[in-house]
Amino acid sequence: MRMGAEASGATGSTLTHLEGGLSGVSYPADELATVDPLDGRPLLARYDLERAAKTLIGHREVRGVWRWHDILPVRDWSNVVTLGEGSTPLLEASRLGQAYGINRLLVKAESMNPTGSFKARGMTVAVSRARELGATSFVMPSAGNAGGALAAYAAVAGMQATVVMPSDAPIVNQVEVAACGAELILVDGLISDCGRLTARIAERTGAFNLSTLKEPYRVEGKKTMGIEVAEDLGWSLPDVIVYPMGGGTGLVGMWKAFAELEALGLLGDARPRMVGVQVEGCAPLVGAFLAGNQFAEPWADATTEAAGLRVPSTVGDFLVLEAIRTSGGTAIAVPEAELVPTQGFAARHGAGFLSLESAATFAALAELRSRRAIEPSDTVVVFDTGAGFKSTLPELPPRQSVSANDADWESLLSGSAPARPASST
């Protein structure tokens, strides 16, 4: 991999060690690691930020996620596995903002990543670092988009990957995994069941387990979303960030990024109010937030068509909840029935065709406004985490069709064409 003149030899990574997210215990960084051996909770990467501050900002040829190589964990460019992810636009959604009574509504368009979702960010870093540390194959449970991203990045690296998905995961994600050459295993159950099978496969085969927050580096890729938001806003932050929560890695990553940017002298101590959104059929983090708990109880009988939000438990729950509470933000669960209508509403108001997970964030805006958790004068960034075509697609509304006959077209244009249902496809 070569990304311009600077992308050769050492990356200049300032990685120093890993730290238990709950225990605070330090561990060596330069060996394959999963979770904190003391408590089974996530490990977080730590950097020499004083050294990074001398090199991070300035002209550099690399764009996207790897622009921030000083505070990413890969030490040598030869190990970087990339498809050009990151540097997604922060778009002004003026018509949609007006509809919700928000003067400045911005959309971070993560659906423009190479695999159609924000999962590309985490996977480029996790696969690259695991490869650098000697991993030879991968296994991971996925509700959909992460599995597709792993398959794509493993293919770039020429490495074998196995993806374990619920059997009702969106078909487009299943096709993506297979097309990229990964082994696909479908389980008649939830992603938590897939996680149990993944652990057994890893133990049996030696494949490296890339489960959400059960290795330290997917969160490092996702933190670049927060860095980009700050850079796009002139090294400042919005008043509010609204983000859909499955495992919550993106929210954890952004909160980590803001702390690192402050230590680097690029930000002050002001933080956006972090709003996490789930769906009423699977809302363990919302329930824990409302109850004032540090950890979330697993959600029984999780149901939602937004596959990425159907995550009944997460090992990083305490990190997600800490970020929301410390920021003065909130967590909200939206009704399942609002997802598809909001998907269409957002598209008709200029936000593009969003995934159901992204639609959940917009579905939360009206309630957040009514609670005054968002004020009209706030600058609000909503995350579009994936493209609509990556979701399970709803039924099409009734359509009309006409023949290829000019007379029928003339009747159609005059408003008198006989309606006839389009053939189903």
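# Exercises on a predicted model

Tyr243 is buried, and Phe383 is buried too. Keep these two residues in mind as you work, and remember that the structure is a predicted model.

## Exercise 1: Two aromatic rings

**Task.** Find out how the rings of Tyr243 and Phe383 are arranged, and where the two residues sit in the chain.

**Solution.**
- Step 1: The ring centres of Tyr243 and Phe383 are 5.3 Å apart, and the planes make an angle of 70°. Rings pair if their centres lie within 6.5 Å, and planes over 60 degrees apart count as edge-to-face, so Tyr243 and Phe383 form an edge-to-face pair.
- Step 2: Tyr243 belongs to strand S10 and Phe383 to strand S13 (residues 379–384). The two are 140 residues apart, and the pair links distant parts of the chain.
- Step 3: Now look for Phe118. Ring pairs join Phe118, Tyr243 and Phe383 into a cluster.

## Exercise 2: A tryptophan pair

**Task.** The whole structure contains seven aromatic pairs. Work out which kind of pair Trp68 and Trp235 make, then decide whether each is buried, partly exposed or exposed.

**Solution.**
- Step 1: The centres of the Trp68 and Trp235 rings are 6.2 Å apart and the planes stand at 90°, so this pair is edge-to-face.
- Step 2: These two residues are 167 residues apart, and their pair links distant parts of the chain. Trp68 is in the loop between helix H1 (49–52) and strand S4 (90–92), while Trp235 is in the loop between helix H7 (218–232) and strand S10 (240–244).
- Step 3: Buried means under 20% relative accessible area. Trp68 has 0% and is buried; Trp235 has 23% and counts as partly exposed.
- Step 4: Check what else meets Trp68. Arg67 lies over the face of its ring, at 4.9 Å from the ring centre.

## Exercise 3: The strand behind Tyr243

**Task.** Decide how enclosed S10 is, and find the strand to which five bridges join S10.

**Solution.**
- Step 1: Five of the five residues of S10 are buried, so S10 is largely enclosed by the rest of the structure.
- Step 2: In a regular strand the side chains alternate between the two faces of the sheet.
- Step 3: Sort the residues of S10 by side. Val240, Val242 and Pro244 are on one side, Ile241 and Tyr243 are on the other, and both faces are covered.
- Step 4: S10 is joined by five bridges to strand S11 (residues 273–279), and the two run parallel. Ile241 has Met274 in S11 as its bridge partner.

## Exercise 4: Helix H8

**Task.** Compare the expected span of helix H8 (residues 249–263) with the distance between its end C-alpha atoms, and say how much of the helix is buried.

**Solution.**
- Step 1: The expected span is 1.5 Å times one less than the number of residues. With 15 residues, H8 should therefore span 21 Å.
- Step 2: The end C-alpha atoms of H8 are 21 Å apart, which agrees.
- Step 3: Twelve of the 15 residues are buried, so H8 is largely enclosed by the rest of the structure. Among them are Trp255, Lys256, Phe258 and Glu260.
- Step 4: Just after H8, look at Gly265, which has a positive phi of about 85°.

## Exercise 5: Positive phi without glycine

**Task.** Locate Leu213 and Arg372, and decide whether each is buried or exposed.

**Solution.**
- Step 1: Most residues other than glycine have a negative phi.
- Step 2: Leu213 is not a glycine, yet its phi is positive, about 60°. Arg372 is not a glycine either, and its phi is positive at about 65°.
- Step 3: Leu213 lies in the loop between strand S9 (208–209) and H7. Arg372 lies in the loop between helix H13 (365–370) and S13.
- Step 4: Leu213 has 2% relative accessibility and counts as buried, whereas Arg372, at 59%, is exposed.

## Exercise 6: A buried arginine

**Task.** Describe the surroundings of Arg129 in helix H3 (residues 119–132).

**Solution.**
- Step 1: Arg129 has a relative accessible area of 1%, so it is buried.
- Step 2: Its side chain makes a polar contact with the side chain of Glu132 (2.7 Å).
- Step 3: Leaving aside neighbours within four places in sequence, Arg129 is in contact with residues including Leu15, Asp30, Arg75 and Tyr217.

Methods:
Residues are numbered from 1 along each chain as its sequence is written. This is a predicted model: local features need pLDDT of at least 70, side-chain atom pairs count only at pLDDT 80 or more; totals for chains, interfaces and linings use all residues. Side-chain values use heavy atoms; hydrogens and water are left out. Rings of Phe, Tyr and Trp (its six-membered ring) pair if their centres lie within 6.5 Å; planes under 30 degrees apart count as stacked, over 60 as edge-to-face and the rest as tilted. Helices (H or I, at least four residues) and strands (E, at least two) are DSSP runs, numbered from the N terminus. Buried means under 20% relative accessible area, exposed over 50%, partly exposed in between (1.4 Å probe, protein chains only). A charge sits over a ring if NZ of Lys or CZ of Arg is within 6 Å of the ring centre and within 35 degrees of the ring normal. A polar contact is a pair of N or O atoms within 3.5 Å; within protein, one must be able to donate a hydrogen and the other to accept it, and residues adjacent in sequence count only if both atoms are side-chain atoms. Contact means heavy atoms within 4.5 Å. Two strands pair if DSSP finds at least two bridges between them.
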